[in-house]
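Please open the structure in your viewer and keep the selection tool at hand, since each stop below begins with something to select.

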Amino acid sequence: MSPEDASRVVLVTGAARRIGAEIVRGLHAAGCRLAVHYHHSAREANTLAEELNAIRPGSVRLVQANLAETGKLMELADHAAHFWGRLDGLVNNASAFYATPLETVTEAQWDDLMASNLKAPFFLAQAAAKHLRRQGGSIVNIVDIYAERPLRNYSVYSIAKAGLSAVTRALAVELAQEVRVNGIAPGAILWPEQEQDSKARADILARIPLERPGSPSDISRAVRFLLEEAPYMTGQIITVDGGRSVLI
Ligand SMILES: NC(=O)c1ccc[n+]([C@@H]2O[C@H](COP(=O)([O-])OP(=O)(O)OC[C@H]3O[C@@H](n4cnc5c(N)ncnc54)[C@H](OP(=O)(O)O)[C@@H]3O)[C@@H](O)[C@H]2O)c1
């Protein structure tokens with residue numbers, strides 16, 4: 001097998017842009033081949049694939065899916081595994097994020113936030129497990145510090161991420177021996193695009209001991225560590241938040 005054939009294959013969800021794209025770049029720089037999942041961001045996904053395939057031809061493939069369609073998740077995992085005949089890693093990064101004040105939250109919003117943040121990571125892990133088992137692979141779930149200390153007016157998102165923390169521990173036990181399952185809880189990394197509240201941002205920054213937001217590469221490095229350099233870690237969630245969770 002050539003070195004290229006031997007390189008690990010990782011599926012990253014919601015990876016066309018922002019933190020997901022940086023996770024892809026970091027794993028690619030480490031020599032992995034990437035199945036880049038996207039939903040609506042086809043243009044960004046194609047640009048990312050072109051950028052990385054120019055560095056190593058044939059090292060990035062794209063896969064499109066709405067993760068709310070649970071029945072399609074098996075196909076998504078199989079698709080990713082069939083690109084190169086193996087799957088070594090799954091990074092559950094995709095997420096919907098918006099406010100749901102208790103007075104106005106709807107069942108449709110509950111279902112939507114639970115779908116990408118909790119249900120899809122669980123059923124995608126189920127779908128990927130047979131492939132990952134074969135490789136002694138690993139799963140990384142991107143959680144949030146709000147799983148432990150909920151964000152006001154974002155109860156459904158916070159609950160979903162708390163569920164994803166539980167998924168991380170439960171599947172670590174269930175898949176132990178063959179597949180490690182860990183998580184990363186980011187703090188303020190990239191501000192949500194739909195929210196421009198500068199006072200809220202200043203309030204958050206004032207409570208970060210390192211006095212700055214993190215960068216997507218902080219998350220990418222932690223993902224790389226959990227996938228590639230942590231053979232004795234499973235069921236753990238690493239907080240990457242500049243120390244913020246120590247204060248809130
Ligand atoms: N940004 C932060 O500072 C921060 C802080 C704490 C935790 N996190 C966590 O870190 C991860 C990445 O954060 P981010 O801000 O980069 O995420 P993001 O931009 O808000 O979302 C990432 C991607 O999720 C995909 N997605 C959403 N709903 C989907 C669905 N139903 N089906 C398929 N894909 C769906 C979207 O893909 P398309 O664009 O292709 O539609 C989107 O680009 C998330 O899990 C987030 O909860 C982020």
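Does Ser41 count as buried or exposed, and at what relative accessibility? Select Ser41, in the loop between strand 2 (33-38) and helix 3, where helices (H or I, at least four residues) and strands (E, at least two) are DSSP runs numbered from the N terminus. Ser41 counts as buried because its relative accessibility is 17%, buried meaning under 20% relative accessible area, exposed over 50% and partly exposed in between, with a 1.4 Å probe and protein chains only. Leaving aside neighbours within four places in sequence, Ser41 is in contact (heavy atoms within 4.5 Å) with Ala16 and Arg17.

Before moving on, note that this is a predicted model, in which local features need pLDDT of at least 70 and side-chain atom pairs count only at pLDDT 80 or more, while totals for chains, interfaces and linings use all residues. Residues are numbered from 1 along each chain as its sequence is written, and side-chain values use heavy atoms, with hydrogens and water left out.

Next, select helix 2, which has 12 residues and reaches 17 Å from its first C-alpha to its last, close to the 16 Å expected at 1.5 Å a residue (the expected span being 1.5 Å times one less than the number of residues). Among the buried residues of helix 2 are Ile19, Ile23 and Leu27, and the helix is followed by Gly31, whose phi is positive, near 100°.

Now add helix 3 (residues 42-55) to helix 2 (residues 18-29): the two pack at an angle of about 10°, with their axes 11 Å apart. Axes here are lines fitted to C-alpha atoms, for helices over the stretch in contact, and angles run from 0 to 180 degrees between N-to-C directions. Helix 2 is therefore roughly parallel to helix 3, a term for angles under 35 degrees. To see the contact, show Ala21, Val24, Arg25 and His28 of helix 2 together with Leu48, Glu51, Leu52 and Ile55 of helix 3.

For the interior, select Leu11, Leu87, Leu90 and Ile139, which touch the most other members of the largest nonpolar core, a core of 33 residues (a set of buried Ala, Val, Leu, Ile, Met, Phe, Trp, Tyr and Cys residues joined through side-chain atoms within 4.5 Å). Strand 1 (9-12), helix 4 (73-84), helix 5 (107-135) and helix 6 (155-174) each give two or more residues to this core. Another core, of 27 residues, lies apart from it and includes Val36 and Ile219.

Finally, select Ser245 in helix 9 (residues 244-247), whose C-alpha atom is separated by 41 Å from that of Gly58.

Terms used. Angles under 35 degrees count as roughly parallel, over 145 as roughly antiparallel, 65 to 115 as roughly perpendicular and the rest as oblique.
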